[in-house]
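Visitor: Could you pick one part of this model and give it a close look for me? I'd like to hear how it packs and what surrounds it.

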Amino acid sequence: MNKKLMMLAITLMAMASPMLAQGNAAGGDVSNGTRLGAAYLAMGIASGLCGIGQGRATASAAEAIARNPGAVAAIRVALILGLVLIESLALYTLVITFVAK
Amino acid sequence: MHELWITKIFNDNLAGLANGVLNAVHVPAANPRFPWTDWMVCELIVVACMVIFFGVLRARLSVDNPGKAQHVMEIIYDFIHASSEEIVGHEGPRYLAFFGTIFIYILCLNLIGIIPGFDSPTMYPMVPLAFAVCTFIFYNYTGIREHGAGYVKQFLGPFLLLAPLMLLIEVISHFARMLSLTVRLFANMFAGEQVYITFITLTKVVFPVIFIGLHTFVALLQAYIFMLLAMVYVGGAVSHEH
């Protein structure tokens, strides 16, 4: 399973290399196509990993509530705080895709 | 240059006033013919509405016969009071004015973007930066007021040997808090607006309504989270190690 994922990742990156053959647009030393492709890839990775992290946080919180229903208020605060902090990591990537020149 | 209808009214009539004020503090406007920016005008409108609302509410406060607005504000007040006691500790409600202002002001600024003729000021990166800088200054101020010069001991870590390394790491992480507060609020509001624009262009009718709903929910959540993080930072600054 791990070897298949590795092969898939390498194949995807190899297939993306024709982007480098495009001519230079007015945006500096990377062409616009490369910039967009990198933005899609970065955002995809960031959102995927953020999803995994938030899923684990929510699963832990649900299990904790099931074990100890009296502590729901405290667990809710911890859950919301954790989810928002993880979310902000994906948002940093989004901002960079808009801001980077 | 694209500007809202109300910014146009301000720029046509009050441009002299804005240029005068900006030049007096040596920060000339980016475009002197249009000194009023969208976010400045919307902020002023929100401030005016809030001052009028709370002024009228204050005049009509009554113990025996509270109206609906007083009920709602009492619920919000109790909520913030309970949260601050739980997170900051016993001294939490001393700082309730700051937390309450942060929560209600950011909430109103986020929500005004839903009304068609107005823009959320929090969609522009300068406004969340202002909130983050104010929060940074506030929690350091409360820490210094509580601990005096001993406030610096928090940054030094468990052993004196590790102090230089810990100081560097702690200072960087405290500045990163300002960055993360700014980027979180800005990116949520900005991304909400971009997604809404995309869907308005793509499918003109049913789906944008779902995104307005999402924007409202995110507005509430982000205002609550900003207040929660401000409380956590103040709690970290004033906490006494037992």
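**The last helix of chain B**

Guide: Let's begin where B:Ser83, B:Ser84, B:Ile87 and B:Val88 of α3(B) meet B:Met231, B:Val232, B:Val234, B:Gly235 and B:Val238 of α7(B); a contact is a pair of C-beta atoms, placed from the backbone, within 7 Å. Sorted by class, the residues on the two sides come to 6 nonpolar, 3 polar and no charged (nonpolar being Ala, Val, Leu, Ile, Met, Phe, Trp, Tyr, Cys and Pro, charged being Asp, Glu, Lys and Arg, and polar the others, Gly among them). Mind that this is a predicted model, with local features needing pLDDT of at least 70 and side-chain atom pairs pLDDT 80 or more, while totals for chains, interfaces and linings use all residues. Residues count from 1 along each chain as its sequence is written, and chains are lettered from A and ligands numbered from 1 in the order written.

The axes of α3(B) and α7(B) come within 9 Å and cross at roughly 40° (lines fitted to C-alpha atoms over the stretch in contact, with angles from 0 to 180 degrees between N-to-C directions). That angle makes the pair oblique (under 35 degrees is roughly parallel, over 145 roughly antiparallel, 65 to 115 roughly perpendicular, and the rest oblique). The crossing is right-handed, that is, the near helix is turned clockwise from the far one by less than a right angle, anticlockwise being left-handed.

Now swap α3(B) for α5(B): the axes of α5(B) and α7(B) come within 8 Å and cross at roughly 25°. So α5(B) is roughly parallel to α7(B), and the crossing is right-handed here too. From α5(B) come B:Phe131, B:Thr135, B:Tyr139, B:Asn140, B:Thr142, B:Gly143 and B:Glu146, facing B:Phe226, B:Ala230, B:Tyr233, B:Val234, B:Ala237 and B:Val238 of α7(B). That contact has 8 nonpolar, 4 polar and 1 charged residues.

B:Val234 is a handy spot to zoom in on: leaving out residues up to four places away in sequence, B:Val234 touches B:Val88, B:Tyr95, B:Tyr139 and B:Thr142. B:Val234 also turns up in the largest nonpolar core, which has 43 residues, as one of those with the most contacts inside it, along with B:Ile102, B:Phe226, B:Met227, B:Ala230 and B:Met231 (a core is a set of buried Ala, Val, Leu, Ile, Met, Phe, Trp, Tyr and Cys residues joined through C-beta atoms within 7 Å). Two or more residues each come from α3 (72-99) of chain A and from α2 (38-59), α3 (68-88), α4 (96-111), α5 (126-147), α6 and α7 of chain B. The largest share, 13 residues, is from α7(B).

Chain A is a neighbour as well: the contact takes 8 residues from chain B and 7 residues from chain A. On the chain B side, α6 (163-202) and α7 (207-238) each supply at least two residues, with the largest share, 6 residues, coming from α6(B). That side has 5 nonpolar, 2 polar and 1 charged residues.

Stepping back, chain B has 7 helices and 0 strands (DSSP runs, H or I of at least four residues for helices, E of at least two for strands, numbered from the N terminus). Of its 242 residues, 26% are buried (20 or more other C-beta atoms within 10 Å; exposed is 12 or fewer, partly exposed in between).

Conventions:
Contact = placed C-beta atoms within 7 Å.
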